[in-house]
Amino acid sequence: GRIRGLVTQTDLYEASASMLDASHRQLDQLRTEATSDALTRLLNRRGIDKAFQREFDRARARGGLLSAVVLDIDHFKQVNDRHGHAVGDKVLATVARQIRQLSRRADITGRYGGEEFLILMPGCGTRAARILAEMLRNSIRREIFHGARSDFQITVSAGVAKLEESFRS
């Protein structure tokens, strides 16, 4: 017959809200892990594919511009073969850092494949995409990497594409 504690509606509400917040944070973390590349901190293939479809649909529906830059590290297999995968990982991370630094805040960046990267540029035509591609190409080729046997530099090849009018209807 003694009262050992008291739980009010407010207590229950606050506890439920706290649990719900924690669940939302966990869900956000899982979404991030499912769509992000841990090495490069860019979107992974799944994430960039999803972003591409969203931006493609948006540009088609609204008649907006959408361009893309594809970067591929030249002779990347040789980097791994000559210097090891740890150095190859540093190369990938450095290219990703350059992409993050030189891309606009509105751009969507991802690692599309092993050594391939994709930058989606909503609201831009091919001129802006070519400028970004050239800036990245020049910036990346100036980086010096320290390999097991020697220092080395890399180059990247870049391609540019835009959403054509024929895809808008």
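# Notebook: rings, strands and a helix face

**Entry 1: the aromatic pair.** I began with Phe152, which is buried, with a relative accessible area of 13%. The model I am reading is a predicted one. Buried means under 20% relative accessible area, so Phe152 qualifies. Next I asked which residue forms an aromatic pair with Phe152. A pair of aromatic rings is described by the distance of the centres and the angle of the planes. I looked up the count and found two aromatic pairs. One of them joins Phe145 and Phe152, and this pair is stacked. I noted 5.5 Å from centre to centre and 25° between the planes. Why does this angle count as stacked? Planes under 30 degrees apart count as stacked, so 25° fits. Then I checked Phe145 for burial: its relative accessible area is 6%, so Phe145 is buried.

**Entry 2: Thr94.** From Phe145 I moved to Thr94, since the two are in contact. Glu143 is also in contact with Thr94, leaving aside neighbours within four places in sequence. I located Thr94 in helix 4, residues 85-102. Is Thr94 buried or exposed? I read 13% relative accessibility for Thr94, so this residue counts as buried. Its side chain reaches the backbone oxygen of Lys90 at 2.8 Å.

**Entry 3: helix 3.** I looked up which residues are buried in helix 3, residues 76-83. They are Phe76, Val79, Asn80 and His83. Seen down the helix axis, these buried residues fall within an arc of 100°, so they line one face of helix 3. What do they pack against? I found strand 1, helix 4 and strand 5 (151-152). That links back to two earlier entries: Thr94 is in helix 4, and Phe152 belongs to the residue range of strand 5. On the other side of helix 3, I found Lys77, Asp81 and Arg82 exposed. Gly84 follows the helix, and its phi is positive, near 95°.

**Entry 4: the strands.** I turned to strand 3, residues 116-122. How many of its seven residues are buried? I noted six, so strand 3 is largely enclosed by the rest of the structure. Strand 1 (residues 66-73) runs antiparallel to strand 3, and seven bridges join them. In this pairing I picked out Leu66, which stands opposite Pro122 of strand 3. Strand 2 (residues 108-111) is also antiparallel to strand 3, with four bridges. Here I found Thr109 with Ile119 as its bridge partner. Strands 2 and 3 form a hairpin, with four residues between them.

**Entry 5: a charge over a ring.** I looked at Tyr112 and found Arg45 over the face of its ring. The distance from the ring centre is 3.9 Å.

**Entry 6: positive phi outside glycine.** I checked Arg41 and His75. Arg41 has a positive phi, near 60°. I placed Arg41 in the loop between helix 1 (9-35) and helix 2 (45-62). At 62% relative accessibility, Arg41 counts as exposed. His75 has a positive phi near 55°, and it is a residue other than glycine. Where does His75 lie? I found it in the loop between strand 1 and helix 3. His75 has 59% relative accessibility, so it counts as exposed.

Definitions and conventions:
Residues are numbered from 1 along each chain as its sequence is written. This is a predicted model: local features need pLDDT of at least 70, side-chain atom pairs count only at pLDDT 80 or more; totals for chains, interfaces and linings use all residues. Side-chain values use heavy atoms; hydrogens and water are left out. Buried means under 20% relative accessible area, exposed over 50%, partly exposed in between (1.4 Å probe, protein chains only). A polar contact is a pair of N or O atoms within 3.5 Å; within protein, one must be able to donate a hydrogen and the other to accept it, and residues adjacent in sequence count only if both atoms are side-chain atoms. Contact means heavy atoms within 4.5 Å. Rings of Phe, Tyr and Trp (its six-membered ring) pair if their centres lie within 6.5 Å; planes under 30 degrees apart count as stacked, over 60 as edge-to-face and the rest as tilted. A charge sits over a ring if NZ of Lys or CZ of Arg is within 6 Å of the ring centre and within 35 degrees of the ring normal. Two strands pair if DSSP finds at least two bridges between them. The arc is that of the directions from the helix axis to the C-beta atoms.
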